[in-house]
Amino acid sequence: MAQYPNTILSQTEAVPVRTAFDLKLSDLSFEKFRELIYSSCGIYFQDNKKYLLESRLLKRMNHLGLESYEEYLDYLKYNRTREDEKKYLYEAITINETFFFRNPPQLDALVTTVIPELVAAKRKTGKVKIRIWSAASSSGEEAYSIGIIIADLLKPKYPDLEVEIIGTDINNMVIEAAKSGLFKEYSIRNTPGYYLKKYFKQKGNVFEIDPAVKKNVSFKLLNLYEDFDMRSMVNFDIIFCANVLIYFDMKAKVKVVSNLYNSLNKGGYLFIGYAETLHMISKAFTIVSFPKTIGYKKE
Ligand SMILES: C[S@@+](CC[C@H](N)C(=O)[O-])C[C@H]1O[C@@H](n2cnc3c(N)ncnc32)[C@H](O)[C@@H]1O
């Protein structure tokens, strides 16, 4: 049995690297991992995703010097630092695909209708401050895309408009990447040339987001499936929760969407992914149609 790496010395010792040929995830251990992952973050690995889970866990197990999936299960359950280990588990299992301007019709809806409507309503009550949440933000491309269009198309029209954008994700690595504001070419591949030129500074093969946009966008670690985390997220006018519900089962979708509803102000909007729907998940919202997209409004 491998020793858990508790000392600096043991971490620097060479650990034999195991491959998928050496280690196999049994059906029983797959069930146990599936239950542990599902109960802590809502992500549900279907039977046909067993090999995906197997290969994703392997890298972390090699890092820890563990020699079987069962040892990793014990490590997650009984190690003193198991809550910390969950952080690495989430980094291993989440899929973080994202890019700037991923869903332009939603951004158009913000500019032409949603924000003007919210501004008009807020103006009646005083301060024109709009709070936007990019839930499951991954490395921040969605949150910064919103920041860019607000700076470019809405601030000139509404000089008194104050906007706060918060991005959250369960994966600490992507949250740290988001905070850096630095992106590779892959992330900006769908960015219109005009915005690329105006809101990014290129340094070699890295693209840095404009500090004036960056200052209105913050990021933090948050688990959408944790009621405790979700209770801190209140008074939002707009929530984007795109391309994450697909990883949850129906029960988890219902729970997360109901919490998102509670996080919205009356009159606020929820936007989900292009290929996603709230059909059978929630009847609480009014569906609002925009050109080539829809929004879910809390009346
Ligand atoms: C495919 S990315 C979507 C990124 C972005 N919203 C977009 O549409 O481009 C899905 C993100 O959901 C995050 N995620 C998965 N389960 C989560 C949970 N329970 N709480 C918070 N974030 C979660 C993953 O870490 C990942 O970064």
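Start by selecting K292 in this predicted model. K292 is exposed, because just 12 other C-beta atoms lie within 10 Å, and 12 or fewer is what counts as exposed. You'll find K292 in the loop between β9 and β10 (293-297). Check its backbone angles while you're there: phi is positive, about 65°, although K292 is not a glycine. For context, most residues other than glycine have a negative phi.

Step back into strand β9 (residues 286-290) and pick I287. Buried or exposed, this I287? Exposed, with 11 other C-beta atoms within 10 Å. Leaving aside neighbours within four places in sequence, I287 is in contact with I294 and Y296. If you want a distance to draw, try I287 to I166: their C-alpha atoms are separated by 24 Å, and the two residues are 121 apart along the chain.

Now jump to A136, another residue with a positive phi that isn't a glycine; here the value is near 60°. A136 is found in the loop between β1 (129-135) and α7 (141-154). How does the burial of A136 turn out, buried or exposed? Buried: 25 other C-beta atoms lie within 10 Å, and the cut-off for buried is 20 or more.

Keep A136 on screen and show the ligand. There are 26 residues around the ligand, and A136 is among those that come nearest, along with T94, T98, S138 and A242. Colour that shell by class and you should get 12 nonpolar, 10 polar and four charged residues. Where does the ligand sit relative to the two domains? Between them, because domain 1 (8-93) and domain 2 (104-297) both give residues to the shell.

Time to colour by domain. The assignment for the protein chain gives domain 1 as 8-93 and domain 2 as 104-297, and their C-alpha centres lie 32 Å apart. Where the domains meet, seven residues of domain 1 are in contact with 12 residues of domain 2. On the domain 1 side, select helix α5 (residues 82-93), which supplies the largest share, three residues. By class, that side of domain 1 has four nonpolar, one polar and two charged residues.

Next, the nonpolar interior. The largest nonpolar core has 68 residues, and the members that touch the most others are I132, A135, I239, C241, L260 and L270. Both domain 1 (8-93) and domain 2 (104-297) give residues to this core, so it lies between them. Zoom in on C241: not counting residues up to four places away in sequence, C241 touches A135, A136, L260, L270 and I272. That brings A136 back into view, this time as a contact of C241. Apart from the largest core lies another one, of five residues, with V174, I175, A177 and A178 among them.

Last stop: helix α4 (residues 69-78). Select Y69, Y72 and L76, which are buried. Why do these three end up on the same side of α4? They cover an arc of only 55° around the axis, which puts them together on one side. Now turn the helix round and select K77 and Y78, which are exposed on the other side of α4.

Definitions and conventions: Residues are numbered from 1 along each chain as its sequence is written. This is a predicted model: local features need pLDDT of at least 70, side-chain atom pairs count only at pLDDT 80 or more; totals for chains, interfaces and linings use all residues. Domain bounds come from an automatic or database domain assignment. Two residues are in contact if their C-beta atoms, placed from the backbone, lie within 7 Å. Helices (H or I, at least four residues) and strands (E, at least two) are DSSP runs, numbered from the N terminus. Ala, Val, Leu, Ile, Met, Phe, Trp, Tyr, Cys and Pro count as nonpolar, Asp, Glu, Lys and Arg as charged, and the others, Gly among them, as polar. A residue is near a molecule or strand if its C-beta atom, placed from the backbone, lies within 6 Å of it. The arc is that of the directions from the helix axis to the C-beta atoms. A nonpolar core is a set of buried Ala, Val, Leu, Ile, Met, Phe, Trp, Tyr and Cys residues joined through C-beta atoms within 7 Å.
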